[in-house]
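Visitor: Could you take me on a close look at a single part of this model, the place where two helices from different chains meet? I would like to follow it residue by residue.

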Amino acid sequence: MQFFGGSDISPSPPPPTASGHNAHMMYIFNRSGICLLYREWNRPLHTLNAQQDHKLMFGLLFSLKSLTAKMDPTSADKGNLGVPQLPGQGCSFHSFRTNTYKLSFMETPSGMKIILLTHPRTGDLRESLKYIYNLYVEYVVKNPLYAPGTPIRCDLFNTSLDQYVRSIS
Amino acid sequence: MAAIYSLYIINKSGGLIFHKDYGSAGRMDTNDSLRVASLWHSMHAISQQLSPTVGCSGIELLEADTFDLHCFQSLTGTKFFVVCEPGTQHMEGLLKVIYELYTDYVLKNPFYEMEMPIRCELFDINLSQAIQKDRVALLGR
């Protein structure tokens, strides 16, 4: 990795499974539930205003996580339902599917949550989310003008994200 | 190892009316299963609100780290969901079979009150047969 102008992102992006563009939208939340980034590519239906929508999404993920932690059939000691869990603690989930969309979810060890909504018949996107996290590290965290915890406004990140998301199916 | 960990049936207002455990570690007590059931009911409803396109009918499959949760909602709003090992196939079919058993042995039972907990012996018997059959089919593959 070069110090300046290095554009190689490790690891290399997972190969696209098919060409197409069926991503609906993406959210990035930090550990305290602030929406750092919201990108929308194809969303015909808006039921709520943006702020309410972000809150509802974060609440859904938070509750689903406590549900999966409580339901985990492989561990005997699961604690109480609804007690907040640290990132990486307890049984989490990586995606859910409805008849109209698929939501893929990743939580980093620092508690940042990356959420990608795609077409319901999309395959496993865990590697893609990791790659998006790498993009975030390269273009946002390493940007000296970016203050942690504030909404992301980095053109380079947005363009490379758009480009990458268009390539996944 | 069991392919299916547990089965829940919740009524249209989110109340747990049937729960059966097929060998998950650390059994949940009754209060916890009631809470989990009503939590699932609300998560199902919220997922419809967040849909980017019209016509969303809620979560069908939740993939967690250690289990998969398959959910089927009937037209009347009763939800059936099974918790199974990750990657278990044909769960939609099993849920349809369970729904059929529910209509045959619970709804057609004259002593059953709608939306109340299910206590029907014939349903229990046929359900365990259906689950057993499913397990045998899995072993055969």
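**Where two helices meet**

Guide: Happy to, and let's start from one side chain in this predicted model. Leaving aside its neighbours within four places in sequence, A:Leu64 is in contact with A:Phe93, A:Phe96, B:Trp40, B:Met43, B:Ile59 and B:Leu62. A:Leu64 also belongs to the largest nonpolar core, which has 40 residues; together with A:Met71 and B:Trp40, A:Leu64 touches the most other members. The element that gives the most to this core is α1(A), with seven residues.

Now step back to the helices themselves. Helix α1 of chain A covers residues 50–71 and helix α1 of chain B covers residues 30–49; their axes come within 10 Å and cross at roughly 150°. Angles over 145 degrees count as roughly antiparallel, and α1(A) and α1(B) are therefore roughly antiparallel to each other. Their crossing is left-handed.

Who makes the contact? From α1(A) come A:Leu56, A:Leu60, A:Ser63, A:Leu64, A:Ser66, A:Leu67, A:Lys70 and A:Met71. From α1(B) come B:Asp32, B:Val36, B:Leu39, B:Trp40, B:Met43, B:Ile46, B:Ser47 and B:Gln49. Sorted by class, the contact of α1(A) with α1(B) has ten nonpolar, four polar and two charged residues.

If you keep A:Leu64 in view, you can tie this together: A:Leu64 takes part in the helix contact, and its partners there include B:Trp40 and B:Met43 of chain B.

Definitions and conventions: Residues numbered from 1 in each chain as written. Chains lettered and ligands numbered in written order. Predicted model: local features only at pLDDT ≥ 70, side-chain atom pairs only at ≥ 80, totals over all residues. Heavy atoms only, no water. Axes fitted to C-alpha atoms, helices over the stretch in contact; angles between N-to-C directions. Helix = DSSP H or I, 4+ residues; strand = E, 2+ residues; numbered from the N terminus. Parallel < 35°, antiparallel > 145°, perpendicular 65-115°, else oblique. Left-handed = near helix turned anticlockwise from the far one by under 90°. Contact = heavy atoms within 4.5 Å. Nonpolar A, V, L, I, M, F, W, Y, C, P; charged D, E, K, R; others polar. Core = buried A, V, L, I, M, F, W, Y, C linked by side-chain atoms within 4.5 Å. Buried < 20%, exposed > 50% of the residue type's maximum accessible area, 1.4 Å probe, protein only.
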